Amino acid sequence: MSDSARIIKIARDTIKIEAKSLSSLEKSIGEDFYQIVKKIFDSKGRVVICGLGKSGLIGMKIAATLNSTGTAAVFVHAGDATHGDIGTVKKEDIFIAISKSGNTQEISDLIPFIKNNGNTLIGMTANRTSTLAKKSDLILFTPVEKEGCPHDLAPTTSTTSQLAAGDALAMALMELNDFKPIDFANLHPSGSLGKKLNLKVRDLLKDDLKPQVAPEDSMKDVIFEISEKRLGATVVIDNNKIKGMITDGDIRRVLEKQNDIRGLIASELMNERPISVHEDSMAVDALSVMQNKKINHLIVTGIENSYMGIVHIQDFIKEGLSK
């Protein structure tokens, strides 16, 4: 067998073994799983997840997933927990201990405290006859026939099953919590969904960049204002009212028709019907207007149509709302 064929076979065999384990996990989900979900949902505390080694890394991910989908969670490393960090566990918390064998010494050492503290102990394990399984109030069984490792040593299949079980737990709790996209967005303000649902046009404005000229200003004044404010456009204001807008594109188009534009003034060059949006508009809606109208600038208005500034298509690109 060639090196290429051997490597491909190893990869496929690993995935096949893990897929088989996930199928077993899916079939094992039943009433016990429902009781775990219900216990967490009814709890007034957090979910404290504890693990060691690769199981600990999976525990960190599960805690992060729970937090981002509406269930308060915290991860505690089993080694650190036995040296004081267990103090973070409050009486109302639900304690989930992750251990494939269920006999991890650091986990076993924590069980007396968890019991004496009155916490519900949930054991996530592949061994129903283990110490953890026997002493847990509820078992989240993660069946593993063998690891994906050719030597059946490196945690692969077991951690995949643990991760999937954690995801299933988080999704079930998300459903019970009636967790909506807007809730997800609020917990991810820097993510694209968070920005689509939360970012308003006013958030894109730059206070120090508010280009404006008067109707009678010369072309030199117009060009200077556009260049200084670096937004590629300026608004024409008369008596605090918006009269029009001039973009660098407008200037180029005039130059294509006239050799000398030095005698023109702003009112002769401006677009008298510029498109504007209110500062309270959602940024994603403003972007839709720009894309539909095929324009790069929008005037932003405030109370009583007051001029607040200009947004450029690049402002939306920088926020990840457009490409």
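**Close-up views of a predicted model**

**View 1. The largest pocket of this predicted model has a volume of about 280 Å³.** Sixteen residues would be too many to label here, and the view therefore centres on Met 245, Thr 247, Ile 295, Asn 296 and His 297, which of the 16 lining residues are the closest to the pocket centre. Two elements, strand S8 (241-247) and helix H11 (248-257), give two or more residues each to this lining, and the largest share, five residues, comes from H11. Sorted by class, the lining of the largest pocket holds seven polar, five charged and four nonpolar residues.**View 2. The second largest pocket has a volume of about 170 Å³.** Its lining is made up of 15 residues, and those lying nearest the centre of the pocket are Leu 52, Ser 55, Ser 99, Lys 100 and Thr 104. Helix H3 (53-68) and helix H7 (157-176) each supply at least two residues of this lining, with H7 giving the most, namely three residues. By class, eight residues of the lining of the second largest pocket are polar, four are nonpolar and three are charged.

**View 3. A salt bridge joins Asp 93 and Arg 46, with the closest N and O atoms 2.8 Å apart.** Asp 93 is placed in the loop between helix H4 (78-81) and strand S3 (94-98), while Arg 46 is placed in the loop between helix H2 (31-42) and strand S1 (47-51), so the pair ties together parts that are 47 residues apart in sequence. The two partners differ in their surroundings: Asp 93 counts as buried, at 2% relative accessibility, whereas Arg 46, at 25% relative accessibility, counts as partly exposed. Over the whole structure, a search finds 13 salt bridges, and this pair and those of the next two views are shown as examples. As background to these views, side chains of opposite charge can pair when their charged atoms come close.

**View 4. The side chains of Asp 137 and Lys 115 meet in a salt bridge, at 3.3 Å from N to O.** This pair links distant parts of the chain, with Asp 137 in the loop between helix H6 (131-135) and strand S5 (138-141) and Lys 115 in helix H5 (residues 105-117), 22 residues apart. Asp 137 is partly exposed, with a relative accessible area of 43%, and Lys 115 is likewise partly exposed, with a relative accessible area of 37%.

**View 5. Within helix H10 (residues 219-229), Glu 225 and Lys 229 lie four residues apart, about one turn of the helix.** Their side chains form a salt bridge in which the closest N and O atoms are 2.8 Å apart. Glu 225 counts as buried, at 11% relative accessibility, and Lys 229 is also buried, with a relative accessible area of 15%.

**View 6. Arg 128 lies over the face of Phe 141, at 4.0 Å from the ring centre.** This view shows a charged side chain placed over an aromatic ring. As for contacts between two aromatic rings, a search of the whole structure finds zero aromatic pairs.

**View 7. Pro 215 is found in the loop between strand S6 (212-213) and H10.** Pro 215 is buried, with a relative accessible area of 13%. The view also includes Leu 269, which is 54 residues away from Pro 215 along the chain, while the C-alpha atoms of the two residues are separated by 9.4 Å.

**View 8. Asp 152 and Glu 304 each have a positive phi, with a value near 55° for Asp 152 and near 55° for Glu 304.** Asp 152 is a residue other than glycine, and it lies in the loop between S5 and H7, where it is partly exposed, with a relative accessible area of 38%. Glu 304, again a residue other than glycine, is found in the loop between strand S10 (297-301) and strand S11 (307-312). At 80% relative accessibility, Glu 304 counts as exposed.

Conventions: Residues are numbered from 1 along each chain as its sequence is written. This is a predicted model: local features need pLDDT of at least 70, side-chain atom pairs count only at pLDDT 80 or more; totals for chains, interfaces and linings use all residues. Side-chain values use heavy atoms; hydrogens and water are left out. Rings of Phe, Tyr and Trp (its six-membered ring) pair if their centres lie within 6.5 Å; planes under 30 degrees apart count as stacked, over 60 as edge-to-face and the rest as tilted. A charge sits over a ring if NZ of Lys or CZ of Arg is within 6 Å of the ring centre and within 35 degrees of the ring normal. A salt bridge is a side-chain nitrogen of Lys or Arg within 4 Å of a carboxyl oxygen of Asp or Glu. Buried means under 20% relative accessible area, exposed over 50%, partly exposed in between (1.4 Å probe, protein chains only). On a 1 Å grid over the protein atoms alone, a cavity is a set of points where a 1.4 Å probe fits but cannot get out, and a pocket is an open set with protein on both sides within 12 Å along at least five of seven lines; lining residues have an atom within 4 Å of a point. Grid points are joined across faces, edges and corners, and a volume is the space filled by probe spheres set on the points. Ala, Val, Leu, Ile, Met, Phe, Trp, Tyr, Cys and Pro count as nonpolar, Asp, Glu, Lys and Arg as charged, and the others, Gly among them, as polar.
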